[in-house]
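Hi everyone, thanks for making time. I'd like to walk you through one model today, so let's put the sequence and the structure up on the screen.

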Amino acid sequence: MEHDAPAGPRPLTATSTTTQTMAPRSVAMTVVVALLAAAALQAAQANPAAGGAPSMPAGPLDIAQLGAKGDGKSDSTPAILKAWKHACDATGTQKIVIPAGNYLTGSLELKGPCKSSIIIRLDGNLLGTGDLSAYKKNWIEIQNVDNFQINGHGTIDGQGPLVWKSNECQKSYNCKILPNSLVLDFVKNAQIRGITLLNSKFFHMNIYASENVVVDKVTIKAPGDSPNTDGIHIGDSSNITITGTTIGVGDDCISIGPGSQKIRIHGVRCGPGHGISVGSLGRYKDEKDVEDVKVTDCTLVGTSNGLRIKSYEDSKSSPKASKFLYEGVTMDNVSFPIIIDQKYCPNNICVKSGASKVAVSDVVFKNIHGTSNTPEAVTLNCANNLPCQGVQLVNVDLKYNKSGNKTMAICKNAAGKSIGVAKELACL
């Protein structure tokens, strides 16, 4: 309960000892408060995005107000770039709005650093033009940005069917790569929530050299036979979390490349696709280690691989792959549900020497159950010269779902242990 303020100052007398004692403390407290306020103001000026009232942007942040037309035909690229500049040059938190409609665009390079924290509210649909000359490299590329979000219920549609015939990467590794749909380069503290990525020309989402990124309740869709349409690729990044996301594509649902650390994948549904993969590792020189990956409570349906770690047989670098936990994963008609392949050699482009420089260790498969579409439910194909170490199969219950053949495990050059596993799978 509040009290009324006194009518005026109390007079100081010889008997007012309490008031006399408190007076200097009050002055000291005033000085401290003033110093703290000055420090806070200085910090806010140095980093305006961290707090304080946002400044007014130089112009509208709703792309429709900047001339974008949601007719699916007009070029909305200039309007989106202008909205980004307005938001990036302001301070505080700024929200770019993409309203209902279909907005056709070419290359969108959304560069920082920015003074503000930026939210893109995606209520409409972005369409990537089929004119490949409209792209420098990727489609939507967020670069050098701290504190960034995309949320909403709209769609990022790469319109891949218009250009997939131009993809030659299935035949040659020296191919020209088509544009990825959504790329985060050197991004910190980002959230991608609720949106749909559809029919990318190449990868749907590529997270590179980024930190503290959350992908939550996102839907990623492309036909199972679409070329190189990985759902989410991660490379040289740390603290990446993917939760509650549904992915059905023509390549890996999630691929984890060199230099990835502290990766958390939880509650993801994958299929169609090539599963949840680490690698390929060792293809290029100077690749960094992959470490601390946890895949939990996921479901894979009809994928051509399940949980996979793959490295090149004639690896050009020597990254380590270690500290993996796969737990609580359901397999539904999955080919090769558990696979470590240190002799990966797509299109027979490798020198099949049997040697490898990529060390795989400390990999736990725990509480993995369901059905396999191949007799080989567990395949540990490790290198002769560098065997896999510390592999554990714990409560793995996988059964070949067709008649005539028995479920089996094939393990070569793998050291570890099997616990609570049927005899036919207990190859460690």
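**Around D252 and H274**

Let me start with a single side-chain pair: D252 and S277 make a polar contact through their side chains, at 3.1 Å. Before I go on, please keep in mind that this is a predicted model.

D252 has a second partner of this kind. Its side chain is also joined to the side chain of R308 by a polar contact, this one at 3.3 Å. If you want to find D252 on the screen, go to the loop that runs between β18 (246-248) and β19 (254-256).

So is D252 buried or exposed? Its relative accessibility is 2%, and the cut-off for buried is under 20%, so D252 counts as buried. Leaving out anything within four places in sequence, the residues in contact with D252 are D230, G231, H274, G275, S277, R308 and K310.

H274 is on that list, and it brings us to the annotation. Which residue does UniProt list for "active site"? The record gives H274, and the entry is an unreviewed one. H274 sits in the loop between β21 (269-270) and β22 (276-281).

Compared with the cut-offs, H274 has a relative accessible area of 26%, which lies between 20% and 50%, so H274 is partly exposed. What does H274 touch, once residues up to four places away in sequence are set aside? The answer is G250, D251, D252, C253, S304, N305, G306 and R308. R308 therefore turns up for both residues: H274 touches R308, and D252 has R308 among its contacts as well. There is a backbone partner too, as a polar atom of the H274 side chain lies 3.3 Å from the backbone oxygen of G250.

While we're in this part of the chain, have a look at the peptide bonds. Where is there a cis bond with omega near 0 degrees? That one runs from G271 to P272, and P272 is in the loop between β21 and β22. Another cis peptide bond joins G279 and S280, with omega about 15 degrees. S280 belongs to strand β22.

**Stepping back to the whole protein**

Okay, zooming out. The protein has 2 helices and 32 strands. Of its 428 residues, 49% are buried. For those of you who think in contact maps: take the contacts between residues at least 6 apart in sequence, and 77% of them join residues at least 24 apart.

**The cavity**

Next, empty space. How many cavities of 30 Å³ or more are there? The count is 1, and the volume of the largest cavity is about 90 Å³. Its lining is made up of I80, I98, L108, L110, I120, L122, L126, I140, I142, I150 and I156. Three strands give two or more residues to that lining, namely β4 (108-111), β5 (116-122) and β7 (140-143). And what about the classes in the lining of the largest cavity: how many nonpolar, polar and charged residues? You get 11 nonpolar ones, with no polar and no charged residues.

**S210 and two backbone angles**

One more buried residue before I finish. S210 is in the loop between β13 (205-208) and β14 (211-216). With a relative accessible area of 1%, S210 is buried. The S210 side chain reaches the backbone nitrogen of V187 at 3.1 Å. Again skipping neighbours within four places in sequence, S210 is in contact with L184, D185, F186, V187, D236, S237, S238 and I240.

Last item, for anyone who likes checking Ramachandran plots: two residues other than glycine with a positive phi. For N147, phi is near 65 degrees. N147 is part of strand β8 (residues 146-152), and it is partly exposed, at 31% relative accessible area. For F336, phi is near 50 degrees. You'll find F336 in the loop between β26 (320-334) and β27 (338-344). F336 is partly exposed too, with a relative accessible area of 29%.

That's my tour. To leave you with one picture, go back to where we began: D252, with side-chain polar contacts to S277 and R308, and in contact with H274, the residue that UniProt lists for "active site". Happy to rotate the view if anyone wants another look.

Technical notes. Residues are numbered from 1 along each chain as its sequence is written. This is a predicted model: local features need pLDDT of at least 70, side-chain atom pairs count only at pLDDT 80 or more; totals for chains, interfaces and linings use all residues. Side-chain values use heavy atoms; hydrogens and water are left out. UniProt positions are given in the numbering used here, feature names are shortened, and annotations may be inferred rather than shown by experiment. Helices (H or I, at least four residues) and strands (E, at least two) are DSSP runs, numbered from the N terminus. Buried means under 20% relative accessible area, exposed over 50%, partly exposed in between (1.4 Å probe, protein chains only). Contact means heavy atoms within 4.5 Å. A polar contact is a pair of N or O atoms within 3.5 Å; within protein, one must be able to donate a hydrogen and the other to accept it, and residues adjacent in sequence count only if both atoms are side-chain atoms. On a 1 Å grid over the protein atoms alone, a cavity is a set of points where a 1.4 Å probe fits but cannot get out, and a pocket is an open set with protein on both sides within 12 Å along at least five of seven lines; lining residues have an atom within 4 Å of a point. Grid points are joined across faces, edges and corners, and a volume is the space filled by probe spheres set on the points. Ala, Val, Leu, Ile, Met, Phe, Trp, Tyr, Cys and Pro count as nonpolar, Asp, Glu, Lys and Arg as charged, and the others, Gly among them, as polar.
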